Amino acid sequence: MKFTKLLFLFLLLLAGSASFAQGQKKETPEERKARIEKIETAKIAYITDKVNLTGDQAQRFWPVYQEHDRRRNELRQKSRHFREEKLSNLSDEQIQAGLENRLNIRQRELNMDKEFMDKYLRIISPRQLANFYRAEREFTKLLLERLQTAKK
């Protein structure tokens, strides 16, 4: 419980620094990288605590998770172009192709999630995996709440 309070304080400070950075005109690439690394460190600590990973499990789990996260981000990058394009600039055929591409990417992401679930279950128990998915959502929600609070 003490660890959770410490992590909460860390997230609060992180959100404060994020709001300070947003108050600036432009964040440098180095500052952005440092901010992302702090968030990732907090995420790992938060999830490791919530899932009760042993040292051995954590050592084996996090590299698999990082590979999964990297591959998921690569897939999402492929659909980003369509989301950012103004629909008024596209023909109906282009929109149809973009929608089909989006579904194909989501299916590939689902297939990849199934593949990684099997990998995770070789390292942690089904209960820990369910707790992992929950903790990952909780962390994201916490982070978004902190960022919203910091903007005000």
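1. A good place to start is Lys43, which is buried, with a relative accessible area of 11%. That figure lies below the cut-off, since buried means under 20% relative accessible area. Please keep in mind throughout that this is a predicted model. Lys43 sits in helix H2. Which residues does Lys43 contact, leaving aside its neighbours within four places in sequence? They are Tyr65, Glu136 and Phe139.

2. Lys43 has buried company in its helix. The buried residues of H2 include Ile39, Ala42, Tyr46, Ile47 and Val51 as well as Lys43. The helix itself has the length one would hope for: at 1.5 Å a residue, the 23 residues of H2 should span 33 Å, and the end C-alpha atoms are 32 Å apart, which agrees.

3. Next, the packing of H2 on H5. Helix H2 covers residues 29-51 and helix H5 covers residues 126-151; their axes come within 9 Å and cross at roughly 140°. H2 and H5 are therefore oblique to each other. As for handedness, H2 passes H5 in a right-handed crossing. On the H2 side the contact is made by Ile39, Ala42, Lys43, Tyr46, Ile47, Lys50 and Val51. H5 contributes Gln128, Asn131, Phe132, Ala135, Glu136, Glu138, Phe139, Leu142 and Leu143. How do the residues of this contact between H2 and H5 divide by class? Ten are nonpolar, two are polar and four are charged. Lys43 is worth a second look here, as Glu136 and Phe139 are among its contacts and both belong to the H5 side of this contact.

4. H5 also packs with helix H4, residues 92-121. The angle between H4 and H5 is about 130°, and their axes are 9 Å apart. H4 and H5 are therefore oblique to each other, and H4 passes H5 in a right-handed crossing. Met117, Tyr120 and Leu121 of H4 make the contact with Pro126, Leu129 and Tyr133 of H5. By class, the contact of H4 with H5 has six nonpolar, no polar and no charged residues. For the contact of H2 with H5, by comparison, the list holds four charged residues.

5. One backbone angle deserves a check on your screen. Just after H2, Asn52 takes a positive phi of about 60°. Most residues other than glycine have a negative phi. Where is Asn52 placed? Asn52 is in the loop between H2 and helix H3 (55-84). Is Asn52 buried or exposed? At 58% relative accessibility, Asn52 counts as exposed.

6. The surroundings of Asn52 lead back to H5. Not counting residues up to four places away in sequence, Asn52 touches Gln57 and Gln128. Gln128 is one of the H5 residues in the contact with H2. Asn131 is another residue of that contact, and the C-alpha atoms of Asn52 and Asn131 are separated by 9.1 Å, although the two are 79 residues apart along the chain.

7. Finally, the chain as a whole. The protein chain has five helices and zero strands, and read along the sequence it follows the pattern α-α-α-α-α. Of its 152 residues, 28% count as buried. Among contacts with a separation of 6 or more, 76% come from residues 24 or more positions apart.

Key. Residues numbered from 1 in each chain as written. Predicted model: local features only at pLDDT ≥ 70, side-chain atom pairs only at ≥ 80, totals over all residues. Heavy atoms only, no water. Axes fitted to C-alpha atoms, helices over the stretch in contact; angles between N-to-C directions. Helix = DSSP H or I, 4+ residues; strand = E, 2+ residues; numbered from the N terminus. Parallel < 35°, antiparallel > 145°, perpendicular 65-115°, else oblique. Left-handed = near helix turned anticlockwise from the far one by under 90°. Contact = heavy atoms within 4.5 Å. Nonpolar A, V, L, I, M, F, W, Y, C, P; charged D, E, K, R; others polar. Buried < 20%, exposed > 50% of the residue type's maximum accessible area, 1.4 Å probe, protein only. Expected span 1.5 Å × (residues − 1).
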